[in-house]
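Here are my notes on this one, written as numbered points. Have a look at the model alongside them.

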Amino acid sequence: MRRRQQPPLPKRYGLDPARLRLPEDGDWPSLREHLIHRLPRVEPARIDEMLRAGEIVDLDGPLGLDSPYVPGGAVWFHRDLPAEHPVPFDIPIVYRDDTILVADKPHFLATIPRGSHILQTALVKLRRELDLPDLIPAHRLDRATAGLVLFVIDPAARGAYQTMFQRQHVRKEYEAVAGIRPGLDFPVELTSRIIKEKHILAAQEVPGPPNARTRIELVESRGELGRYRLHPATGRTHQLRLHMNSLGIPILGDDFYPVITDKQLDDYRRPLQLLAATLEFTDPRTGEPRRFETTRSLQAWTDPDGWATGPPALAESAEPAHRPPGGPAPGHFGRRT
């Protein structure tokens, strides 16, 4: 198996540098000209600033304004980061040994860096707080969903645990709070075909061979609300949210289903009442049975008033972009290729 090339720059804020491969058929007069062409969303002045500061490097070291374009070569740099609103919730550690770590992710915190969420993600926070630079998730939870996420500490074990999730060898149990619909008999098993198109926020159920299956139980009811237990047999994007919505009982706090609502990123009221409550599997490294349970509960069930009001928005607390003093406005400086 081909080994991943080690970047010539260290991690920053728990993040690897971006790598940009230079096309073999390129004929730009300089690296600077290529970067200006390749990264149109980045101001040329910012590219010049980084080249002058030696912040763009190849395997031989820092590159400058007059560095030539090298077809087939590669350069590395740390991207400018966007301003982010702090997600003011802890990430309890449910279990940790030398190989794996199980964290209890809060609502509103993305699992991995993506889009406008970089430093305010579970992966980056845990890497920095626990000094675990090689930490990687074996699977993911949506930003809106709280609960258990398994991370791998030992790089040599990543493949075994990630493959376990990919092959659906993990038994997952979720909890949800939603309305009660008279006439529904539980337990119910739903199957459908779910697709998620790139750059479209919501997934959708479409005609065709089923690729998603969920068993849903009503655990208890209280007035117009029910507490449900969900057992996904597959792991399609937004599967549980779509299946609950298809029953006419969308999960409380769902901003996508049945309709997308406009909610500010720093509005932490009315979190989605979906919780990854249990992970159970046979450890692929040791053969031991493993079972982990969340430390969390769903607030709309235990504290309905507190769920509805929640903490105030933190618009004044946004973290500034991480860039050199005096630099231009931040942007996503390139992407991995």
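**Notes on the predicted model**

1. Starting with the contacts: of those in the chain with a separation of 6 or more, 66% are between residues 24 or more positions apart. Keep in mind that this is a predicted model.

2. For the overall picture, the secondary structure adds up to seven helices and 15 strands. The C-alpha trace spans about 75 × 50 × 40 Å along its principal axes. The chain has 337 residues, and 45% of them are buried.

3. On the surface and the charges: the accessible surface of the chain is about 17,800 Å², with 49% of that belonging to carbon and sulfur atoms. The side chains include 46 positive and 45 negative ones, and the centres of these two sets are 4 Å apart.

4. Now α1 (31-38). Which of its residues are buried? They are L31, H34 and L35. Looking down the axis of α1, these buried residues fall within an arc of 100°, so they line one face of the helix. The elements covering them include β1, α2 (44-52) and β4 (74-77).

5. S30 deserves its own point. The residue sits in the loop between β1 (18-21) and α1 (31-38). Buried or exposed? S30 counts as buried because its relative accessibility is 12%, and the cut-off for buried is under 20%. A polar atom of the S30 side chain lies 3.1 Å from the backbone nitrogen of E33. If you set aside neighbours within four places in sequence, S30 is in contact with S67, P68 and Y69. As for G235, that residue is 205 residues from S30 in sequence, and the C-alpha to C-alpha distance is 46 Å.

6. Another loop residue to look at is L119, placed between β6 (100-105) and α3 (122-130). L119 has a relative accessibility of 2%, so this residue counts as buried. Its C-alpha atom is separated by 25 Å from that of A157, which is 38 residues away along the chain.

7. Last, D267, in the loop between α5 (239-246) and β14 (274-282). At 12% relative accessibility, this acidic side chain's residue D267 counts as buried. What does the side chain of D267 make a polar contact with? The partner is the side chain of R269, at 2.8 Å.

Conventions: Residues are numbered from 1 along each chain as its sequence is written. This is a predicted model: local features need pLDDT of at least 70, side-chain atom pairs count only at pLDDT 80 or more; totals for chains, interfaces and linings use all residues. Side-chain values use heavy atoms; hydrogens and water are left out. Helices (H or I, at least four residues) and strands (E, at least two) are DSSP runs, numbered from the N terminus. Buried means under 20% relative accessible area, exposed over 50%, partly exposed in between (1.4 Å probe, protein chains only). A polar contact is a pair of N or O atoms within 3.5 Å; within protein, one must be able to donate a hydrogen and the other to accept it, and residues adjacent in sequence count only if both atoms are side-chain atoms. Contact means heavy atoms within 4.5 Å. The arc is that of the directions from the helix axis to the C-beta atoms. Accessible areas come from the Shrake-Rupley method with a 1.4 Å probe; for residues, only the protein chains shown count as cover. Lys and Arg count as positive and Asp and Glu as negative; His and the chain ends are not counted. The place of a charge is taken as NZ of Lys, CZ of Arg, CG of Asp or CD of Glu.
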